[in-house]
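Thanks for coming. I will talk through one structure, and I will keep it short.

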Amino acid sequence: MSDGAGRGVAIIGGGPAGLMAAEMLAQRGIQVDVYDAMPSVGRKFLLAGIGGLNLTHSEPYPAFVGRYGARAEQIEPLLRAFDADALRAWAHGLGVETFVGSSGRVFPREMKAAPLLRAWLSRLRDAGVRIHARHRWQGWDADGSLRFDTPDGELAVRADAVLLALGGGSWKKLGSDGRWMPWLTERGVATAPLMPSNCGFDVSWSTFFSDKFAGEPLKAVGLSFEGGDGRSFKRVGECVITRGGIEGSLIYACSALLRDEIARSGSATCYLDLIPSWDEAKVLAEVTHPRGSRSLSSHLQSRLNLKGARAGILRECLDKESFQHLPTLAAAIKRLPLRLAAPRPMDEAISTAGGVCFSALDQRQMLKALPGVFCAGEMLDWEAPTGGYLLTACFASGRAAGIGMAEWLQGGASK
């Protein structure tokens with residue numbers, strides 16, 4: 001699998017990071033073979049496109065970088081070389097126009113992932129990139145060959161350099177199963193345990209509440225949280241009641257803080273503001289307004305428009321005495337405590353935290369313990385909220401790894 005110059009690269013994982021690295025290498029005249037366990041590449045990328053493919057975000061660069069939290073310092077150089085504007089320009093080069101939505105999120109004009117992926121794969125094939133589907137990596141042989149399970153049996157592959165772009169540990173059915181972790185740790189690569197990110201959480205609802213409101217959204221509510229480590233969160237958005245807990249974009253945005261608090265303390269208590277557009281004084285005035293013969297529930301619906309799931313969760317989280325004590329009730333409408341018991345299983349999460357530590361990589365994203373083996377994408381130890389940040393960093397890290405591989409193969413001099 002080498003070109004005329006004797007250089008050939010194996011990329012394991014056909015997601016955005018792996019394919020972007022393939023593009024960088026092919027541009028530099030290096031033969032690339034991409035191996036993926038699925039029947040076709042980009043399966044998780046296509047899944048992300050079902051809701052419109054949130055490709056990136058248009059917010060100012062400093063705020064954008066800040067979305068990577070504890071790993072902002074490591075991710076920032078990657079974004080500096082390939083930021084949101086560069087990603088949009090790259091998509092336009094494939095014939096895919098983008099637009100900025102009302103939330104600042106960036107989408108393809110067609111709101112689909114498939115046209116972009118088709119155009120990209122066509123470009124890669126024209127550049128000589130070879131794609132091998134249904135090739136599931138099984139680690140290394142004793143002689144350093146890559147082992148793959150294929151429809152035709154086991155295959156051993158030798159390569160001049162290898163990129164691992166295997167994803168994290170969520171959505172196993174799409175190929176990201178985290179099976180690679182022990183193979184790397186056994187070879188001296190520093191890793192952090194995989195954990196769910198952008199995930200829902202378990203809540204001990206009553207059977208009545210769960211039966212009545214599972215699947216119902218809580219729209220335009222506030223969520224606040226103060227962690228024991230000093231980190232805090234406050235935002236207005238939308239979430240969804242599930243049979244066993246709560247999920248949705250507002251919860252996902254705070255999931256890292258909530259998950260870490262549960263790991264530290266055994267549970268996490270966040271607070272819902274059921275009417276974030278009203279201040280405490282107005283809520284108290286409306287709650288204590290004379291209601292005549294109306295029931296308290298009817299009064300809350302009439303005066304505060306509290307009904308459906310918002311009214312239900314208020315009753316669910318307050319005992320009867322607190323619900324009847326109007327000052328306590330008014331305070332709870334603005335700051336309703338919600339105890340979260342555990343994050344949902346990793347395979348249900350949108351993404352994962354943990355993976356290969358940045359300390360295990362050199363400046364080219366090559367593993368210090370395994371010369372010639374590079375890593376990119378979600379299998380690195382970083383996380384980010386939804387909103388285009390995950391995809392942008394995957395593209396950027398794949399690009400950086402591809403360039404780093406080319407430089408390493410060509411003796412440190414990039415073309």
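I will go from the whole chain to its sheets, then to two loop residues, and end with a pocket.

Please keep in mind that this is a predicted model. The chain has 415 residues, and 52% of them count as buried. In secondary structure, there are 16 helices and 20 strands. Taken along the principal axes, the C-alpha atoms fill a box of roughly 90 × 45 × 40 Å. Now look at contacts between residues with a separation of 6 or more: 70% of them are between residues 24 or more positions apart.

Next, the sheets. As a reminder, strands of a sheet pair through backbone hydrogen bonds, and the pairing is either parallel or antiparallel.

One open sheet has seven strands, in the order β17-β16-β13-β14-β15-β12-β18, with antiparallel pairing. Why do β17 and β18 each have one side without a neighbour in the sheet? They stand at the edges, and each has a single partner strand, so there is nothing in the sheet on the other side. β17 covers residues 336-340, and β18 covers 342-343.

Inside that order, take the pair β12 and β15. Strand β12, residues 201-202, is joined to β15, residues 245-247, by two bridges, and the two strands run antiparallel. If you want one pair to find on the screen, Phe 201 has Ile 246 in β15 as its bridge partner.

A helix also belongs in this part of the picture. α13, residues 308-317, lies across β13, β14, β16 and β17. Its direction is at about 40° to β13.

The other sheet I want to show is open as well, with three strands in the order β7-β8-β9 and antiparallel pairing. Here β7 and β9 are the edge strands, each pairing on one side only. On average, neighbouring strands in this sheet are turned by 30° against each other, if direction is ignored. Between β7 and β8, which is residues 146-150, there are three bridges. Trp 140 is placed opposite Leu 146 of β8.

Now the backbone angles. Most residues other than glycine have a negative phi. Which way do Met 111 and Arg 134 go, positive or negative? Met 111 is not a glycine, yet its phi is positive, about 60°. Arg 134 also has a positive phi, near 55°. Where are they in the chain? Met 111 sits in the loop between β5 and α6, and Arg 134 is in the loop between β6 and β7. That second loop leads us back to the three-stranded sheet, where β7 is an edge strand. As for exposure, Met 111 is partly exposed, at 33% relative accessible area. Arg 134 is partly exposed too, with 46% relative accessibility.

Last, the second largest pocket. Its volume is about 530 Å³. Of its 27 lining residues, the closest to the centre are Arg 67, Gly 69, Arg 231, Ala 256 and Leu 257. Which elements supply at least two residues of the lining each? They are β11, β14, α9 and α10. α10 gives the largest share, five residues. β14 you have met already, as a strand of the seven-stranded sheet. By type, the lining has 13 nonpolar, six polar and eight charged residues.

That is the end of the tour.

Technical notes:
Residues numbered from 1 in each chain as written. Predicted model: local features only at pLDDT ≥ 70, side-chain atom pairs only at ≥ 80, totals over all residues. Heavy atoms only, no water. 1 Å grid on protein atoms, 1.4 Å probe; cavity = no way out; pocket = protein on both sides within 12 Å on 5 of 7 lines; lining within 4 Å. Points joined across faces, edges and corners; volume = space filled by probe spheres on them. Helix = DSSP H or I, 4+ residues; strand = E, 2+ residues; numbered from the N terminus. Nonpolar A, V, L, I, M, F, W, Y, C, P; charged D, E, K, R; others polar. Pairing = 2+ DSSP bridges. Contact = heavy atoms within 4.5 Å. Axes fitted to C-alpha atoms, helices over the stretch in contact; angles between N-to-C directions. Buried < 20%, exposed > 50% of the residue type's maximum accessible area, 1.4 Å probe, protein only.
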